[in-house]
Amino acid sequence: MDYRELLESIVADVRALTAQGAVADYIPALANVPRERCGIAVATVGGAVFSAGDADVPFSIQSISKLFALALALQREGDDLWRRVGREPSGTPFNSLVLLERERGIPRNPFVNAGALVIADVLCRRYLQPERAVLEFVHRLLGSTHVAIDAAVARSERLHSDRNAAIAHFMKSFGNLDGDVAQLLDAYCAQCAIAMSCRDLARAALFLAADGVQSPGIAVLDAPAARRVNAVMLTCGAYDASGDYAWRIGLPTKTGVGGGIVAIAPGRLAICAWSPALDAAGNSIAAAAAVERFAAATGLSIFGAY
Ligand code: GLN
């Protein structure tokens, strides 16, 4: 299957949507990313990669890093991890605190900020340089070390991390954080500031389409764990838009405020689309439309063709 023409036509189609929504500016270093950027890439389990538009331009992966951090933490901790973080959609924005008091510091899932901070805390205990550990995990997935942390974005988010600091301190008050909050925020902000292109992200996420196997001989997760990460992506990967994404796209997805979306068609391929302008839930409007069109055109929704 050659997806090149389909991807070209999708980018041409969704370009007009890049005028809608707003580029994230609560992390000042992200505010100036040109909103007309738009790219898409597909990596197949057979090893082919297709792309269109700005698919080779690195962007801030932000919350898509939560996927890599979760996979790494699962590798190290196994199912013990689920004692500290849940697997339910939150129905709240990604940076919300409201459920934490009622649920005694246990975040709803690993993809809202609270859950990702717990995962980062796990990695802080396991590694001296946890953000390097996430980056090197991505390097292993890609078989290449060209991906880097954008230090300016990391610094910018760290200087504006009061909300995440509040979440972390609150969870610590319930005993669900072990480490030093300042170190944790350093690691979390650096992990979110990894810069990757659509092409890199589609390739790096491929293990989730292949029962945890990244390439022959490189098993990232066992098959049940990889399938379950997809389950959590479907139900929680786009925050309080996850239900709408399941309805529109029908694939496990993970979004980030940099405007990226990774989606998995189990057994088949990984897709990444990117465009910086976001809707009210913090998800890219044009990138979501691009993935939706791809899933519709290929009939790849996990529920059967929509
Ligand atoms: N680094 C961002 C934050 O913590 C990630 C949020 C996101 O991409 N949704 O706010």
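## Notebook: helices, hairpins and the ligand site

I started just past helix 5, where glycine 143 follows with a positive phi, near 65°. Worth writing down before anything else: this is a predicted model.

**Helix 5**

I went back along helix 5 itself, residues 130-142. I count on 13 residues here, and the distance from the first C-alpha to the last is 19 Å, close to the 18 Å expected at 1.5 Å a residue. Then I looked up which of its residues are buried: Pro130, Glu131, Ala133, Val134, Leu135, Val138 and Leu141. A reminder to myself on reading such a list: an α-helix has 3.6 residues a turn, so residues three or four places apart point the same way.

**Two domains**

Next I checked the domain assignment. It splits the protein chain into domain 1 (4-63 + 195-298) and domain 2 (64-192). Their C-alpha centres lie 20 Å apart. For the contact between them, I found 35 residues of domain 1 touching 31 residues of domain 2. On the domain 1 side, strand 6 (194-196), helix 9 (198-204), helix 10 (223-236) and strand 10 (260-265) each supply at least two residues. Helix 10 has the largest share of that side, with five residues. I also noted the make-up of the domain 1 side by class: 21 nonpolar, ten polar and four charged residues.

**The ligand**

Where does the ligand lie relative to domain 1 and domain 2? Both domains give residues to the shell around the ligand, so the ligand lies between them. I listed the shell: Gln62, Ser63, Phe94, Asn95, Asn113, Glu157, Asn164, Cys192, Gly256, Val257 and Gly282. By class, I get three nonpolar residues, seven polar and one charged.

**Helix 10**

Since helix 10 had come up at the domain contact, I gave it its own entry. The 14 residues of helix 10 should span 20 Å at 1.5 Å a residue, and the end C-alpha atoms are 20 Å apart, which agrees. Its buried residues are Ala226, Val229, Asn230, Val232, Met233, Leu234 and Cys236. I then asked what these buried residues pack against. The partners are helix 2 (65-77), helix 11 (242-248), strand 9 (253-255) and strand 10.

**Strand 10 and its partners**

That took me to strand 10. Six of its six residues are buried, so strand 10 is largely enclosed by the rest of the structure. In a regular strand the side chains alternate between the two faces of the sheet. I split the residues accordingly: Gly260, Val262 and Ile264 are buried on one side, and Ile261, Ala263 and Ala265 are buried on the other.

I followed the pairing both ways. Strand 9 runs antiparallel to strand 10, with three bridges joining them. Lysine 254 has valine 262 as its bridge partner in strand 10. These two strands make a hairpin with four residues between them, and in the turn I found glycine 259 with a positive phi of about 100°.

On to strand 11 (residues 269-274), which is antiparallel to strand 10 and joined to it by six bridges. Valine 262 turns up again, standing opposite cysteine 272 in strand 11. This hairpin has three residues between the strands, and glycine 267 takes a positive phi near 80°.

**Strands 2 and 3**

I looked at another hairpin, the one formed by strand 2 and strand 3, with four residues between them. Glycine 47 sits in the turn, its phi positive at about 100°. Strand 2 (residues 39-44) runs antiparallel to strand 3, and I see five bridges between them. Glycine 39 stands opposite glycine 53 in strand 3. Four of the five residues of strand 3 (residues 49-53) are buried, so strand 3 is largely enclosed by the rest of the structure.

**A three-stranded sheet**

I also logged an open sheet of three strands, order 4-6-5, paired antiparallel. Strand 4 (59-60) and strand 5 (148-149) are the edge strands, each pairing on one side only. Strand 5 and strand 6 share two bridges, and alanine 148 has alanine 195 in strand 6 as its bridge partner.

**Tyrosine 306**

Last entry: tyrosine 306, in the segment after helix 12 (285-298). Is tyrosine 306 buried or partly exposed? It has 13 C-beta neighbours inside 10 Å, so I put it down as partly exposed. Leaving aside neighbours within four places in sequence, tyrosine 306 is in contact with Gly250, Ala296 and Ser301. Alanine 296 is ten residues away from tyrosine 306 in sequence and 6.2 Å away in space, C-alpha to C-alpha.

Notes: Residues are numbered from 1 along each chain as its sequence is written. This is a predicted model: local features need pLDDT of at least 70, side-chain atom pairs count only at pLDDT 80 or more; totals for chains, interfaces and linings use all residues. A residue is buried if 20 or more other C-beta atoms lie within 10 Å of its own, exposed if 12 or fewer, and partly exposed in between; C-beta atoms are placed from the backbone. Two strands pair if DSSP finds at least two bridges between them. A residue is near a molecule or strand if its C-beta atom, placed from the backbone, lies within 6 Å of it. Ala, Val, Leu, Ile, Met, Phe, Trp, Tyr, Cys and Pro count as nonpolar, Asp, Glu, Lys and Arg as charged, and the others, Gly among them, as polar. Domain bounds come from an automatic or database domain assignment. Two residues are in contact if their C-beta atoms, placed from the backbone, lie within 7 Å. The expected span of a helix is 1.5 Å times one less than its number of residues.
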